[in-house]
Each structure stands twice: as C-alpha cells, then as structure tokens.
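Q: Please take a close look at the loops in this one, and then show me how they sit alongside the rest of the chain. I'm new to this, so explain the words as you go.

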Amino acid sequence: MTQQVTVLDRSDLQPIDQVSVTNQSHNYLVVTNTLGKIDISGFEASDTLFFTHIAFQPYITTKKELSRPDARIYLTEHIIRLDEFVISANRTQQKKSDLPYKIETISAKDIQFDNPQTSAQMLEQTGEVFIQQSQMGGGSPVLRGLEANRVLLVLDGVRLNNAIYRGGHLQNVITVDPSLLRSTEILFGPGSVIYGSDALGGVITLQTFDPVLSDERKAMIRSRVYGRFASANIEKSGGFRLNVGLKKWGFLTAFTYSNFGDLRQGRSRNPFYGSFGERLFFAERIDGKDSMVINDKPWIQKPSGYSQYSLLQKVLFAPSSDLKFTLNVQYSNSSDIPRYDRLTDTVNGQLKYAEWYYGPQERLFASIKGSLTNANKIYDNATIILAYQQIREERINRRFGKKDKKFNMERVDLFSLYGDFRKRLSQKDELQYGISADLNLVGSKAYSEDITTRARFYNVPTRYPDKKAQMFNVAAYLSNVWKISSVFTFSQGIRYTYVSLSAAWSDTILNIMQFPFSSSVVQDNHAVNGYLGWVAHPGYDWKISLIASSGFRAPNIDDIGKVNDSNSQDQLLIVPNPGLKPEAAYNLELSLAKTFEKSLRLELTGYYTWLTDAIVLRPFQYNGQDSIQFDGVLCQVQANTNAGRAHIYGAQGSLRAQVTRTFSITSNLTYTCGRVRENNIPLDHIPPVFGMTSFKLELRKFKGDFYVMYNGWKRISDYSPSGEDNQAYATPEGMPAWYTLNLKLSYQVNKFLNVEGGVENILDQNYRKFASGISSPGRNFIVALRGSF
C-alpha cells in the first residue's frame with residue numbers, strides 16, 4: 001500500500017521536485033517528482049526521515065508522523081547553498097563548490113519575488129552587477145569594469161553577442177523578458193576558454209523555462225499567469241506560461257507584454273545640484289513647426305515610455321531515457337524607444353533634436369538541441385545545438401527645426417553550431433571538450449526623408465559597411481576538473497579560436513565619407529586561451545580558490561567599420577579603423593570563503609586584470625585632419641584604437657547569514673579601479689563602489705524583504721576622456737553617491753493565488769547612475785497578482 005507525501009515550499013505553497021528523502025541508516029532513498037509527491041511506503045515504520053534539497057533547509061520527521069492521508073511537508077529556503085550546481089563554468093552541470101570561479105545564481109523564484117521590469121533590472125537587484133542606462137528602454141551590464149561587447153550574453157546555450165555589439169553601452173539584454181527565465185548565472189572574470197571571444201569581464205547565462213514531461217500515464221497540464229502594475233512609469237505588464245507534459249512529448253508556450261509610460265524621477269533633491277536632471281521642456285511639433293514646450297511636471301522625463309512583447313515556444317521529444325530533442329523558438333519586439341539622453345541635448349539653450357528614437361528592436365531566435373546521455377568511450381553526456389538568430393535595429397533622428405529625418409537600419413543574421421561533450425575518466429577526473437562555429441551576416445542601410453514631402457534621399461552614410469559585412473569564427477576547447485583528494489581540486493582548460501572578418505563599402509558611401517583607406521577590409525585573427533584553477537577545502541568549512549585565466553576579443557564589425565556621432569554634446573564623430581587588432585585580458589584572482597555552522601558565510605574575492613592592446617576610443621586623424629564637418633557640425637574625429645596596456649583591479653565581498661530558520665541577511669559590495677597604464681588616465685566603464693544589503697523574513701505563506709541599494713561617488717576626475725562615461729550627463733563634480741530604501745512583500749492566499757506588493761525608493765530620492773543619461777525612478781509602488789493552475 002502506498003503512503004504518499006507532498007513536499008511544498010513554505011512561502012508560496014508550490015511543489016518542490018528533486019527533494020531527497022532517506023532514513024537514519026541511509027539504506028533507502030526516494031526523490032520527489034515534478035508535483036512534489038513521494039511514496040514513503042518503502043521505509044520502516046520506525047524510521048526517522050530526512051528531507052534535503054540544496055536550496056532549502058533540511059527537515060527531520062518520522063514516518064509515523066506522516067501516516068495521515070495527504071500528509072504535507074513544508075520546506076523553508078536556505079540562503080547558503082553549498083552544494084549548488086551551475087552550468088556557466090563549463091556549459092555542463094558541475095558542483096559550484098568544486099569550481100574556482102565566482103558565480104552568482106538568480107532563480108525563477110527570486111525573479112518572481114523581486115518583480116524586475118527588465119532583465120537589466122534583474123541583474124542590478126543582485127547588488128553585484130552595475131547597470132548603465134541611456135534611456136528607460138535600456139540597461140547595459142558592467143562586470144568588473146568591462147561592459148557591452150566585453151561581456152558575453154548566452155541564451156539557452158547560444159551566444160547573443162553578434163558582429164554589431166558595440167563597445168559603448170549596450171541595451172540588448174532587455175530583449176529577453178525576465179518572466180521567461182528559469183535561472184540566470186553570472187560568471188565573473190574571463191570565460192574565453194569555454195565561450196570564446198568577448199568573455200573578458202564575464203559571462204551572463206540566461207536560461208528560459210523548459211517543458212516538463214509527465215511522470216504518470218495521464219497528461220500533466222500546468223499554467224501560470226501574472227499581472228503587474230508599477231507607479232513610477234505606470235507599468236502595466238502581464239503574461240502566461242502553459243506546460244503540457246506527456247510521457248515522451250512536452251510543450252511549453254509563454255507570452256509576456258509590458259507597457260511603460262514616461263518615467264518619474266525622485267523629488268527629494270539635493271539642493272546643491274539645483275535643477276540637474278529635471279526635464280524643463282521637451283520638443284513637440286505644433287502646426288507644422290517644432291516647438292519647445294514647457295514641462296509643467298519637470299520630474300516626468302518626457303518622452304521615455306515604450307512597450308515590448310515576447311513569445312516563447314518549446315517542444316521537447318524524449319524517445320528514450322538517454323536521448324532528448326528540444327525545439328526552441330523565441331520572438332521579441334518593441335515599440336519605438338526614445339533615446340532620452342539625446343533628446344535632452346541643447347545647443348545655445350535650444351534642443352538639438354526634435355526626434356531621436358530606436359525603431360522596433362526585433363529579435364528572432366530558433367534552435368534545435370539534442371541531449372545524449374548514452375555513456376560510451378567518447379562521452380558520457382553530449383549536447384549539440386544548431387541555432388539561428390535574426391536581429392533588426394533602427395536608429396531614427398531629426399534635428400530641431402529641420403525637415404530631414406535620418407534613418408539607419410541594421411539587420412544581423414547569425415548562424416551557430418555548438419557541440420559540448422563530457423567524459424568521466426575516473427571517479428575523480430572529468431573531461432569536457434567541444435567545438436563551436438558562428439557566422440554573422442550584417443546588412444546596413446541608411447537614408448533621409450523630408451517629413452513634409454516624404455521624399456527620400458540616399459545621402460546619409462550607413463552605420464556599417466553596406467556592400468559586405470560578415471564575421472566567421474570556429475573554435476575547439478578542452479577542459480578538465482581533477483579532484484585530487486577530498487581537500488584539493490585542480491582544473492585547467494585551453495581553447496583555440498579562429499576569427500575572420502570581411503567588410504566593404506559601396507561607391508555611394510565612399511563618395512559621402514571619402515575614407516582614407518581601401519574600400520574593403522579583411523582580417524584573420526587567431527587566439528589561444530587557457531586557465532588554471534585550484535580549489536582547496538582544508539576543513540572547518542573553508543574554501544580557498546585561485547585562478548589564472550586569459551581572454552580575448554577580436555574586433556567586430558562595429559569596432560572596425562562604424563560611422564557614428566558618439567556624443568553630440570562633445571561633438572565627437574567615430575570613424576572606421578581597419579587597422580584595429582584584437583585585445584587580450586590576463587586575469588589573476590583569489591577567493592576566500594568561510595562558512596560558520598552552516599548559517600553564516602563570508603566570501604571575499606580580489607582580482608587583477610591586465611589588458612593588452614585594449615580597444616578604446618581615442619582622437620584619430622582622418623585624411624590628415626583631427627576634426628571634420630559631419631551633419632553640419634564641426635566634430636572631433638575619434639576611432640577605436642589599440643591603446644596599449646591597461647589594468648583593472650578590484651574586490652567583491654559578500655555575506656550570507658541564516659540568522660534564524662525564517663530570517664536571513666544578504667549583503668554584497670563591489671569595488672573597481674581601472675587605468676590606462678601609459679598615461680595613467682582613467683579607463684572607461686569603471687563604476688563607483690556599489691552594493692546591496694537585504695533583510696528577508698520567510699513565514700508560512702508569507703515572504704518579506706527590506707533592502708538597501710547604494711552607490712559611492714564617481715568624481716569627475718575619474719571619468720574617462722573617451723566620452724564613453726557620458727560626462728555631459730553628469731554634474732560638474734561627477735555623479736554623487738546615493739542610496740535607496742526598498743520593501744518587497746508576498747502573500748500566498750492559497751495554492752492558486754499569490755499577491756505581491758512593494759515600494760522601491762521609499763524616500764523618493766533623486767539620483768542618476770554613473771554614465772547614465774536618464775535619472776532613476778522615484779518612489780515606485782508595485783502590485784502584482786500571480787495565479788498557478
């Protein structure tokens with residue numbers, strides 16, 4: 001006769017799968033299924049039962065106490081997860097405690113409770129990732145002082161970075177809705193051995209929900225719906241996720257939609273900075289004429305609102321226990337997104353632009369993944385992914401009082417193939433190896449349009465080479481994790497990468513720009529990268545890890561071939577530089593972690609990164625001139641150049657404390673410093689000291705979090721002269737220090753309905769993040785309803 005028990009999460013009453021249940025002699029073990037159910041009839045009547053899960057606190061009871069029908073066990077989340085598994089280090093599941101890397105994990109449960117509006121905000125809420133924003137519809141992650149195309153984004157095992165990921169500030173992470181993610185991992189430091197080019201500052205691995213198969217003969221149908229409102233930008237978001245699981249087939253469909261109004265900044269201002277950041281007036285076309293309209297609510301940043309929707313469809317087919325195929329199709333699109341920082345630019349007291357916005361940012365993603373676990377002489381586990389992506393971007397602007405509107409349109413087609421294999425050589429020795437190939441095809445168009453006659457003129461330079469623009473890379477890697485003893489683990493890896501780039505401009509563009517070089521560019525680059533890692537567990541719950549690693553980034557189409565007026569306040573023009581070489585990073589880091597009684601964990605990581613041939617924006621000669629006329633303005637010429645050597649060093653500290661069974665504290669703090677070594681000038685993208693401290697309470701059906709987000713000063717003397725730090729959008733002293741007080745609450749009414757609320761920036765502080773062109777939200781009330789069926 002079966003004796004069934006259901007294991008549920010204490011705070012949200014949802015079932016927990018993969019909970020292990022054993023007895024005091026450890027001679028019998030069972031595991032909960034996807035519905036959190038387990039049959040304990042195989043245990044002896046006198047047995048004491050131990051319920052354990054890596055994300056929850058252990059629970060001890062007796063079989064006798066669970067004799068009632070429909071017995072339930074409620075587990076409480078544990079803030080310290082020593083046996084957690086991650087995939088970002090080697091693209092396969094590995095125990096985090098055996099790895100020398102610093103890795104931060106964000107679960108779907110964390111995302112739901114925190115209610116981030118975008119994936120950028122999701123990363124920022126960890127207190128370990130700095131986010132720059134040029135407009136509300138953006139968010140550029142910074143890892144260890146490296147940003148944009150020096151940080152690698154990976155979605156469901158596929159590189160998102162493409163040939164036009166730029167070196168300034170990159171907003172593409174917001175095209176992935178956080179409500180579609182089952183987990184996110186942030187690997188800090190170079191990851192080029194496993195991931196190749198671009199992984200200098202780190203790797204952000206985004207994993208969307210997968211279909212779940214039924215453990216029983218009947219179909220398993222589960223659905224989730226949600227709706228959310230936030231006051232700071234009148235956010236109205238909603239979506240659903242539907243899973244249909246059969247024995248061998250699984251189907252998952254998800255859809256999300258968000259609409260954001262104009263962003264309200266905080267009204268509690270530092271009087272020393274006067275009206276800094278206020279939107280005193282904005283452009284509006286009245287009776288066929290551009291007019292500067294006084295904003296009667298200058299704390300409302302007009303225009304900054306936009307909307308976005310995302311669709312996810314997955315199909316899982318498992319013909320046998322050791323073979324699975326997953327079809328993964330994703331599509332996201334947005335409305336026009338105002339480029340708020342540019343819309344605030346003025347010349348002699350008059351707005352510079354009447355219009356400046358990104359057109360709909362469209363992303364199509366499709367992949368087919370095969371997963372094999374049929375162990376043989378070549379591999380124990382294998383994953384093969386074939387993927388295609390299509391990305392469309394538009395930039396549209398019109399100067400104030402002018403009739404010509406300029407359109408720049410880009411399309412990238414990206415084809416990818418990945419093969420990752422794992423083989424256990426012995427009980428203590430595991431090998432990972434793989435291959436990858438990516439082909440980028442870039443199309444770039446431009447024209448101007450008379451807004452009165454609608455006549456089009458092709459006298460505008462394209463952003464990228466318009467005749468031909470493509471990149472191809474192929475690579476192979478090998479890595480090994482060797483558990484020498486119960487104390488020491490040694491890991492190492494090596495990767496070879498070949499990258500080719502070819503680009504050409506048409507005669508039309510050559511006539512407009514008069515480039516001082518050949519009409520075409522061809523590059524072939526090779527790189528060998530490696531890492532050595534050492535982890536020690538000397539006892540008394542210590543972990544000591546040391547890693548030496550290298551990374552590289554080959555110049556892409558954006559680096560070599562872009563034409564762009566980078567910062568209109570400073571009147572800078574970026575021009576192509578076909579002579580650009582790859583940049584490399586060499587990193588050394590040491591981590592110390594100590595766990596006290598499984599209830600307090602302290603961790604400190606220090607690192608030093610050497611950059612060689614660092615790609616930075618610098619003044620450049622163009623046909624022998626340092627300034628040229630562009631769009632009717634005399635602009636200083638700049639180009640991406642190899643600046644020689646630079647260095648970045650810093651420290652990351654964290655505290656995790658499970659104070660009581662229901663109360664926990666988390667705190668993170670990051671310090672970064674970077675300089676170009678030849679002249680000791682500040683390196684761009686280096687954030688001020690920043691962090692987060694959180695106090696969480698978790699009770700039956702209830703969860704609360706009071707947390708503080710904080711940033712230190714970024715003095716104007718520490719801004720880079722390249723213009724990438726956006727000095728024009730800072731105060732004369734730089735960007736002042738700031739902090740916000742925040743509160744999040746969640747109550748599970750029953751197993752079907754969850755109510756969430758919160759207040760961000762309780763004190764309504766007015767602040768702006770370093771290098772950003774828009775002020776952050778003021779006091780923000782959040783209300784969300786979630787249903788599970």
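A: Let's start with some vocabulary: helices (H or I, at least four residues) and strands (E, at least two) are DSSP runs, numbered from the N terminus. Residues are numbered from 1 along each chain as its sequence is written. This is a predicted model, where local features need pLDDT of at least 70 and side-chain atom pairs count only at pLDDT 80 or more, while totals for chains, interfaces and linings use all residues; side-chain values use heavy atoms, with hydrogens and water left out.

Now the loops. N680 is in the one between β47 (663–676) and β48 (681–682). Its phi is positive, about 60°, even though N680 isn't a glycine. With a relative accessible area of 49%, N680 counts as partly exposed (buried is under 20%, exposed is over 50%, partly exposed is in between, using a 1.4 Å probe and protein chains only).

Q18 is another case: its phi is near 65°, and it isn't a glycine either. You'll find Q18 in the loop between β1 (4–9) and β2 (20–23). Its relative accessible area is 52%, so Q18 is exposed.

Then there's P303, in the loop between β24 (300–301) and β25. The peptide bond leading from K302 to P303 is cis, with omega near -20°. Why point these out? Most residues other than glycine have a negative phi, and most peptide bonds are trans.

Follow the chain from P303 into strand β25 (residues 306–320) and you get to S320. S320 has 30% relative accessibility, so it is partly exposed. In sequence S320 and K248 are 72 residues apart, yet their C-alpha atoms are 7.9 Å apart in space.

What about the rest? The chain has 6 helices and 55 strands, and buried residues make up 59% of its 789 residues. The largest nonpolar core has 40 residues, with L143 and I186 among those with the most contacts inside it. Such a core is a set of buried Ala, Val, Leu, Ile, Met, Phe, Trp, Tyr and Cys residues joined through side-chain atoms within 4.5 Å. Strand β16 (181–188) is one of the elements supplying at least two residues of this core. Leaving aside residues up to four places away in sequence, L143 touches I186, L187 and F188, among others, where contact means heavy atoms within 4.5 Å. A second, separate core of 34 residues includes M471 and I615.
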